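Q: I am new to this structure and would like a close look at one part of it, the open sheet in one of the chains, with its strands taken in turn. Please then place that part beside what surrounds it.

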Amino acid sequence: MRDYIIRRVLGMIPLILIVMIVSFGIFSLVPNPFAALMENPRIKKADIQRLIKAWGFDLPWHLRFFKWFSGVIRGDWGPSLLYPGSLARDIISRALPVTVRVMGIEFLVSLAIALPIGIISAVKQYSMTDYVVTVISFLGMSMPTFWFGLLMMMLFSVILKRPSGMPLLPAGGIITPGLEEAPFWAKLGDRAQYLVMPVLVLAFSSVGSWARYMRSSMLEVIRQDYIRTARAKGVSERRVVNKHALRNAMIPIVTLVALSMPGIVGGAAITETIFNIPGMGRLIIAAEIKADYPTAMIGLMLISILVIAFNLVADIVYAWVDPRIKYS
Amino acid sequence: MDNREVLVDIKNLRTFFYTEDGVVPAVDGIDLTIHRGEVVGLVGESGCGKSVTALSIIRLIPNPPGKIIGGEIFFHGEDLLKKHEEDMRMIRGDKISMIFQEPMTSLNPVYTIGDQISEAITLHQKIDDVEAKKRTIEMLHLVGIPEPERRFSQYPHEMSGGMRQRVMIAMALSSNPDLLISDEATTALDVTIQAQILDLMRGLQKKLGMAILIITHNLAVVAEMAETIAIAYAGKIVENASAKEIFKSPRHPYTYGLLQSIPKFTEKKTNEPLPAIEGMVPSPYHMPKGCRFNPRCPFATEKCREEEPEIVELTPGHLVRCFHPIEP
Amino acid sequence: MAEKVIETKKKGQRKSSDDYTYLGMVFHRLTRHKLAMVGAFMLIFILLFVFAGPLIWRADPNQQIEGLDGMFNVPSRAHPLGTDDYGRDVLARMFFGGRISLFIGFISAISATLVGALVGLVAGYYGGWADDLLMRFTDAMLSIPTFPLLIALASVLGKGVWQIILVIVIFGWMVDARLVRGLVLSLKEQEYVEAAHAIGASANRIMWRHLFPNTLAVLIVSTTIGIGGAIIYEASISFLGFGVQAPFASWGNMLQNAQQFIWNSPRLIIYPGLAIFMTVLGFNFFGDGLRDAIDPKLKL
């Protein structure tokens, strides 16, 4: 088991390198990353020169890569071009918790809903319940999130109003301005109303896929011979499902969960954009659009590394949870 | 005539499968009697309905698409087909146990074998976990598994096929059932292991005195083990007699054909090819009119193609379903 | 003695699985899959809408009506779906936008599948270091979060239809590569491959003539579902301003345009979004049914 882990960790390294090279490579394709800056009258020419030197743009690309690479490792993530005067690092560390909060809640909500209905759907295959769940899953998976987001906004902010005339749910942002210093509970209640729509929108599509995964995993397991053996032993159908089947069906699900964790940080870029949530997804997209390549590259790289790391976690979890791998 | 008490009496059992492609009359009027402590063999080619008969006895026919549509199965005088599911559950694993063909997949991979056997015990007997563990280890010992204490905490994948089948047997016999149904339990094993398992079963039968229903397509297996043999073809029983009678003087052309096709070492060497029964088992969707065996029967007459023969007792204890049984 | 299995079928009785060819069986199962048929109808409707529509309702999608009176018209006889912020007829824009969105979806999905299949075939068949290398690369590409990189690439490559297709293909081939590789690995062990080897077939021939056709079924399903995904990608990219540019319409950029008018003309959001939704749903339903029809027991 330990050898397995060590081997996998070592295997991660080339992956991370490739990712860093690809990230860097794509942005290097841009002919002049400083074009936008040069047009901005507020930025002094000397500063731009400094940036060029700092970023190694006066060097050939392979040396540039090493310069960037060594900087990144040391924690120097460069300046932010989106918000001149700030460091990319600060911007990112402010955006990260926002995304984690929204996505984290959405993740938990989705799983809490999707797994049980997936199980029920499988146990009662071909029933009306199964049919309804299947159709809803498809609806969720096919729905373009930004459209759904806009529709929700239309419904909850334009059409539905509170008695005071204000929209039922705020159309964007994460906190009511002025409440930043409010006590914890007040803040919580306030924050909650901003979260309802984005979480709803994101969860709708996730629930669809998770329910389907759970359902198909469960169906696969229920067909197995050992389930028949359990029934022949006299085990009640309830126990067959909850003890014998579930434990086996959860194995692939657990790995899928581990693999989806990076999404919590990557965020849903478009949903964040629509709902004006200052998170990582929106940041990276905005950085790319506004040509703030340092920030964009770092953001991209962070998420990629998380993906790779969680791939490893998923493998370890899988090996730990399935006795066939643990004891072999 | 058998003086022992009648344990299981199957009368005119009909179990059909309603699939998208048509109705499959898997078991179409099967009669079978098993006495206390008797070893009965149920022999036939794949698809003749023998496994379905076994599953019908303990009512584990998968409900879509299968259904027991007629007949009675008397166990200790009570019709099992009229019992509530909760009562059936008490019988399964306790009074009637079943072991299956594929030892590699019949045990739950995520629980230890000790756990699985103990579960069978605690389900039906009012003893605590510690007692159950002791009993389990006794059973493991009984079925010939070396180092039972160590094996208790092993997982199925750490054992060979033969050992897993022994575990299955231990599980099935843990509550000292009246009837053990063995559904092709040795088919998937090596010949030598097969012999071992059959020896084990024979020894256990003498020791514990339970009745065994051995289901197999292999005449050699029943030759060793069974007192009475029933031959099944296309969902019906075509011959039923003591093992001695079946081998000495088979009356049904099918039985005769089966016996002819077994290579025998003692006969003089000839250059003739091994006789085989011509044709194939009929498709369940297209059963022949009249006697179901008629397309392949060398003795078929017009009557055989028009009418279905009924079961007739030719000599005491020897039942045949044929218009022109072979003379002894 | 000849086999005489007398047909017990009466006239009009349903045929059973013995009576069909493989393709016939697939079709038979497909037509009985409710959701798949719903999906098929949706797709047929959309295809008709997009291709036959302009023949019935002739209007120029790019013709603008000047002045405030032309903007945001409510559906009327002159403009069945109303007009947009430039006074352009929405129905006509839906037709042509649909053509572009569907075109992009279709081409990118097929291309991605082909590229992926090629990679998977080579990796699976040759094994060894080629397999290692290709799969590491595939894994690395899979690790990079698709969406931000899509945008990055889009911003680098510039805006336009072919750029989108390229971008979608670059990020879409990996799934099929993995799928095909897995399939090839299991197929490779089967006897007919050994037999082909034994008679001296070249690697190329084995790959294309023996292995590839067996992956076709899986690939067709993957492509069908991939079209849905590609359409959403196109819409997302256009939504952010890359991709299809004005004055050309695509369902994606129509949505993007409509976003700012959520307060005064919400209907502009509904039409293109609904179209995308229905199209993707149709492909997903149909693709799922196809998967079940090809092999009801297959877990993809």
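A: What follows goes through the open sheet of chain B, then the other strands and loops of that chain, and finally chains A and C.

The model is a predicted one, and its details should be taken in that light. In chain B, eight strands make up an open sheet with mixed pairing, and their order across the sheet is β6-β7-β8-β3-β9-β10-β12-β11. The strands at the edges are β6 (96-99) and β11 (312-315) of chain B, each of which pairs on one side only. From one strand to the next, the twist averages 20°. As background, the strands of a sheet pair through backbone hydrogen bonds, and they may do so in either a parallel or an antiparallel sense.

At the edge formed by β6(B), the neighbour is strand β7 (residues 179-183) of chain B, and these two strands run parallel and are joined by four bridges. Within this pairing, Met98(B) stands opposite Ile181(B), a residue of β7(B).

At the edge formed by β11(B), the pairing is antiparallel: three bridges link β11(B) with strand β12 (residues 318-320) of chain B. Here the bridge partner of Val312(B) is Val320(B), which belongs to β12(B). The connection between β11(B) and β12(B) is a hairpin with two residues between the strands, and in its turn Gly317(B) has a positive phi of about 85°.

Chain B has further strand pairs to follow. Strand β1 (residues 6-19) of chain B pairs with strand β2 (residues 22-35) of chain B in the antiparallel sense, over ten bridges. Two residues make the link in the hairpin that joins β1(B) to β2(B), and in this pair Tyr18(B) stands opposite Val23(B) of β2(B). β1(B) also pairs with strand β4 (residues 66-75) of chain B, again in the antiparallel sense, over eight bridges. In that second pairing, Lys11(B) stands opposite Glu72(B), which lies in β4(B).

Some of the loops of chain B deserve a careful look at their backbone. As a general point, most residues other than glycine have a negative phi, and most peptide bonds are trans. The peptide bond from Pro64(B) to Pro65(B) is cis, with omega near 0°, and Pro65(B) is found in the loop between α1 (50-57) and β4 of chain B. Glu147(B), although not a glycine, has a positive phi of about 50°, and it lies in the loop between α4 (129-142) and α5 (148-152) of chain B. Glu147(B) counts as exposed because 10 other C-beta atoms lie within 10 Å, and the cut-off for exposed is 12 or fewer. Asn176(B) is likewise not a glycine and has a positive phi, of about 55°; its place is in the loop between α6 (161-173) and β7 of chain B. With 13 other C-beta atoms within 10 Å, Asn176(B) is partly exposed.

Chain C is built of helices: its secondary structure comes to ten helices and zero strands. Of its 300 residues, 43% count as buried, and among contacts in chain C between residues at least 6 apart in sequence, 71% join residues at least 24 apart. Helix α5 (residues 146-157) of chain C has twelve residues and reaches 16 Å from its first C-alpha to its last, close to the 16 Å expected at 1.5 Å a residue. Nine of the twelve residues of α5(C) are buried, so this helix is largely enclosed by the rest of the structure; among the buried ones are Phe147(C), Leu150(C) and Ser155(C). Just after α5(C), Gly158(C) takes a positive phi of about 100°.

Chain C also touches chain A, where 37 residues of chain A are in contact with 34 residues of chain C. Several helices of chain A each supply at least two residues of the side that touches chain C, including α1 (2-28), α8 (184-222) and α14 (293-321) of chain A. By class, that side of chain A has 30 nonpolar, five polar and two charged residues.

Confidence in chain A should be kept in mind: its mean pLDDT is 81, and 88% of its residues reach 70 or more. In this chain, confidence is lowest in helix α2 (residues 35-39) of chain A, at a mean of 64, and highest in helix α9 (residues 225-233) of chain A, at 94. Where pLDDT is low, the predicted coordinates should not be read in detail.

Note on methods: Residues numbered from 1 in each chain as written. Chains lettered and ligands numbered in written order. Predicted model: local features only at pLDDT ≥ 70, side-chain atom pairs only at ≥ 80, totals over all residues. Pairing = 2+ DSSP bridges. Axes fitted to C-alpha atoms, helices over the stretch in contact; angles between N-to-C directions. Buried ≥ 20, exposed ≤ 12 C-beta atoms within 10 Å, placed from the backbone. Contact = placed C-beta atoms within 7 Å. Expected span 1.5 Å × (residues − 1). Nonpolar A, V, L, I, M, F, W, Y, C, P; charged D, E, K, R; others polar. pLDDT = per-residue confidence, 0-100.
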